[in-house]
Amino acid sequence: MLLTKTFPFASVCANDISPVAVERAREKVGQCGNVKLCIQDFREISQTGLGTENHREVVVLILECLYYLGVGERQICVDRVRREFPKSLVFVSIPITGGDYFTETGLIDLFTSAKYSSRQFKVLNLRNDIPLIHPILEALVQHCFYLTSRAANQVVYLFVPEV
Ligand SMILES: C[S@@+](CC[C@H](N)C(=O)[O-])C[C@H]1O[C@@H](n2cnc3c(N)ncnc32)[C@H](O)[C@@H]1O
């Protein structure tokens, strides 16, 4: 919904592997003419499946789902996106807290090996709410790599395909 409001002239094609998730999304975006929803596995994502092959410019958003894949499958998925959308910018939102999620270095290595470079990032929220220093920390993590990888929770990264 936010995407369609922010980019009213864009077509939004959203996929999820789960029919239930797609049905829920359909209930929410039912009235938006420029949204297309489809059941599609990111590991097998294709321009044909999404119907974007004739679109002038395609931007890929991988929002909060890369960590659902096993470690080996993550590389398959990113390589697939690189092959299917060779010129597209890719935005990835993800927690970088390690464990079952990602570390910042792990995520950047994954995309680097698929020949992307990491250009920008935006921290969405912090791991811990520390009342007094929270606003200062929130500002600092947007700029300082050392702090981002230690204090950020969810982050959006922009990856640009290398030519
Ligand atoms: C935390 S939810 C995020 C949903 C939505 N992308 C968002 O940002 O609000 C994770 C979603 O990833 C989906 N998912 C898991 N593995 C997937 C895959 N291989 N391909 C596509 N979607 C997948 C799940 O079905 C689930 O709906």
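# A tour from the ligand outwards

Begin at the ligand, which lies between two domains, because domain 1 (1-39) and domain 2 (56-161) both give residues to the shell around it. Keep in mind throughout that this is a predicted model. If you colour the protein chain by its domain assignment, with domain 1 as 1-39 and domain 2 as 56-161, you can then mark the centres of domain 1 and domain 2, taken over C-alpha atoms, which are separated by 22 Å.

Next, select the surroundings of the ligand, where the shell consists of 13 residues and the closest are Ser18, Phe42, Leu63, Cys65 and Tyr68. When the shell is coloured by class, 7 of its residues are nonpolar, 2 are polar and 4 are charged.

Now move to domain 1 and select residues 12-16 together with residues 35-39, which are strands E1 and E2 and which pair in the parallel sense over 5 bridges. To follow one of these pairings, pick Val12, whose bridge partner in E2 is Val35. Between these strands the chain crosses from E1 through H2 to E2, in a β-α-β crossover that is right-handed.

Stay with that helix and select Val22, which lies in helix H2, residues 19-29. Which residues does Val22 contact, once its neighbours within four places in sequence are left aside? They are Asp16, Leu37 and Ile39. Val22 and Ile39 are 17 residues apart along the chain, and a distance drawn between their C-alpha atoms comes to 6.6 Å. Is Val22 buried, exposed or partly exposed? It counts as partly exposed, because it has 16 C-beta neighbours inside 10 Å.

Continue along the chain to Glu53, which you will find in the loop between helix H3 (47-50) and E3. Glu53 counts as exposed because it has 11 C-beta neighbours inside 10 Å. With neighbours within four places in sequence set aside, Glu53 is in contact with Gln47 and Thr48. For a longer line across the model, join the C-alpha atoms of Glu53 and Leu2, which are 51 residues apart along the chain and separated by 24 Å.

In domain 2, select residues 60-63 and residues 90-95, which are strands E3 and E4 and which pair in the parallel sense over 4 bridges. Here the residue to pick is Ile62, whose bridge partner in E4 is Val92. The chain crosses from E3 to E4 by way of helix H4, residues 71-84, and this β-α-β crossover is right-handed.

Before leaving this region, select Glu64, whose place is in the loop between E3 and H4. Its backbone deserves a look, since most residues other than glycine have a negative phi. Phi of Glu64 is near 55 degrees, a positive value in a residue other than glycine. Glu64 is exposed, because 12 other C-beta atoms lie within 10 Å.

The last stop is Lys115, in the loop between helix H5 (104-113) and strand E5 (116-123). What is the sign of phi at Lys115, which is not a glycine? Phi of Lys115 is positive, at about 65 degrees. Lys115 is partly exposed, because 14 other C-beta atoms lie within 10 Å.

Methods:
Residues numbered from 1 in each chain as written. Predicted model: local features only at pLDDT ≥ 70, side-chain atom pairs only at ≥ 80, totals over all residues. Domains from an automatic or database assignment. Near = placed C-beta within 6 Å. Nonpolar A, V, L, I, M, F, W, Y, C, P; charged D, E, K, R; others polar. Pairing = 2+ DSSP bridges. Helix = DSSP H or I, 4+ residues; strand = E, 2+ residues; numbered from the N terminus. Right-handed = clockwise from strand over helix to strand, strands pointing away. Buried ≥ 20, exposed ≤ 12 C-beta atoms within 10 Å, placed from the backbone. Contact = placed C-beta atoms within 7 Å.
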